Amino acid sequence: TGLTEGCDDGNFNNNDSCLNSCVVASCGDGFLNPSTEECEPGVPGDTCESLGFDTGTIECISCAYDTSQCSGGGNNCFETDIAALSPQNPNIMMVLDKSGSMFDLSKNWDADNNGMISNSETRWASLYSVTEALFTNFETKVNFGVQLFPYAQAINAYACSVGAPAPDLGLHTTAELLADMPPLDTVGLPNDPGDPGSFGATPTREGLLSAYGSLSVTTLPGEKAVILITDGAANCSAGTDGFPLTADSFDIFDNSVDGEITSALNSGISTYVVGIAIDNMTVNDGPGGEPNNVNTYDILNGYAQSGGTGLMGGPPYFYNTQNQAQLLSDIQDVLNSLQSCFVDLPFPPLFPDITEVYIGGMLVTPYHQGETDCGTFSTGWVYTDTTYTQIELCGSSCTDLGGQGALDVVYKCEGGG
């Protein structure tokens, strides 16, 4: 196989796993692969009559026959294998702190976990590296959006400005997700007295509101969540979007954030909180820096609990990361926990109670007949309602689905017909 080839099986057969164009065969490519497909959209195939029915119209959906519109000829059933059905993607807004302290080499951060403060890698450099790795790993499994606070070019008079998500929610490439983020090697200058920071203040509320807005209007199916990643307490409480700026914009804590997180949870949006090197202490650093007389550790504990994501056994109830490896591990744990257990079926089975579900070639059991949610079931699966067009994987079966990324379904017929 050459660098420009997806495959090369050395033959001129378009009806196997490798097309003549050296592209791996897939459903919808215009060629029937009998080893994996019952049918191919647009390619002549069976009819209701050729499958033993009296009349009707057959459809090819996801390269499997839908015989629900066929009639006559016994029990109107044709066993159907539907391969590689993927779960619903969760919708996740990454709300990233882009304040001046994230770019300051003098700030407490043990990037490489060697027990020493890094003088060559900023908190932002670690966050950039971590998000790049996670965007790559979850590129096809999550509808991501990125919200910086403040916006990418925010400095000085614009230190509290928050722009729109860039990009907004959707399936994006890693390059698209990173495009608006300052480069990994960006380093800020030490703060001058009264300077809100070389790269902005901490308008957490405005960043969250923008992210919640995107999640509230999306028509994409799936769970909705925010992952808030920050290294300090919220300020910029004066005015709308941080205007007009005053000394109070930076030195006074914005105590409205917790209420916004609670409101989002009430509307179905959970908020996960990841702190970067958060000390359990009250800060009073004078004018122009972080909010005074505030313990950020306590504040972030409250955010996590209000967002419905407080960690068991806390405090801390938020993820308090101390190095780059922990930052990667903790955010990855959050993303894994948000992988969906719900899979949409292309059409309902004629005999739903004898349908079989397979993950990695292994039959998923038990089928909890008559149930419409997993509840406390530790394994198995259920239909989510009586339309039989969606299933939910329970407990360890959902974990298995997350590991495989897809499942197979077999629509069975009564009496083996």
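Modeller: Before we begin, buried means under 20% relative accessible area, exposed means over 50%, and partly exposed covers what lies in between, with a 1.4 Å probe and protein chains only. The structure is a predicted model, in which local features need pLDDT of at least 70 and side-chain atom pairs count only at pLDDT 80 or more, while totals for chains, interfaces and linings use all residues. Residues are numbered from 1 along each chain as its sequence is written, and side-chain values use heavy atoms, with hydrogens and water left out.

Biologist: Is Tyr411 buried or exposed?
Modeller: The relative accessible area of Tyr411 comes to 4%. That value lies under the 20% limit, so Tyr411 counts as buried.

Biologist: How many aromatic pairs does the structure hold?
Modeller: Rings of Phe, Tyr and Trp (its six-membered ring) pair if their centres lie within 6.5 Å, and planes under 30 degrees apart count as stacked, over 60 as edge-to-face and the rest as tilted. By that rule, the number of aromatic pairs in the structure is 8.

Biologist: How are the rings of Tyr297 and Phe318 arranged?
Modeller: The centres of the Tyr297 and Phe318 rings are 5.7 Å apart. Their planes stand at 75 degrees, and therefore the arrangement of the pair is edge-to-face.

Biologist: How many residues apart are Tyr297 and Phe318?
Modeller: Helices (DSSP runs of H or I, at least four residues) and strands (runs of E, at least two) are numbered from the N terminus. Tyr297 belongs to helix 6 (residues 296–306), whereas Phe318 sits in the loop between helix 6 and strand 10 (319–321). The pair links distant parts of the chain, and the separation in residues is 21.

Biologist: What is the relative accessible area of Phe318?
Modeller: Its ring partner Tyr297 is buried, with a relative accessible area of 11%. Phe318 is buried too, and its relative accessible area is 1%.

Biologist: How many residues apart in sequence are the parts tied together by Phe347 and Tyr411?
Modeller: The ring centres of Phe347 and Tyr411 lie 5.3 Å apart with the planes at 85 degrees, so this pair is edge-to-face. Phe347 lies in the loop between strand 11 and strand 12 (356–359), and Tyr411 in strand 16 (residues 407–411), so the separation in sequence of the parts tied together by the pair is 64 residues.

Biologist: Is Phe347 buried or exposed?
Modeller: Phe347 has a relative accessible area of 6%. With that value under 20%, Phe347 is classed as buried.

Biologist: Which residues do ring pairs link into a cluster?
Modeller: The links in this cluster are pairs between aromatic rings. The residues that they bring together are Tyr367, Trp381, Tyr383 and Tyr388.

Biologist: Which residue is the bridge partner of Val382?
Modeller: Two strands pair if DSSP finds at least two bridges between them, and an open sheet of 3 strands has antiparallel pairing in the order 11-15-14. Its edge strands, each pairing on one side only, are strand 11 (342–344) and strand 14 (381–383). Strand 14 pairs with strand 15 (residues 390–393) in the antiparallel sense over 3 bridges. In strand 15, the bridge partner of Val382 is Glu392.

Biologist: Which residue in strand 9 stands opposite Lys224?
Modeller: Another open sheet holds 5 strands with parallel pairing, in the order 7-6-8-9-10. Strand 7 (143–149) and strand 10 are at its edges with a single partner strand each, so one side of each is left without a neighbour in the sheet. Strand 8 (residues 224–230) and strand 9 (residues 269–276) pair in the parallel sense over 7 bridges. Opposite Lys224, in strand 9, stands Ile269.
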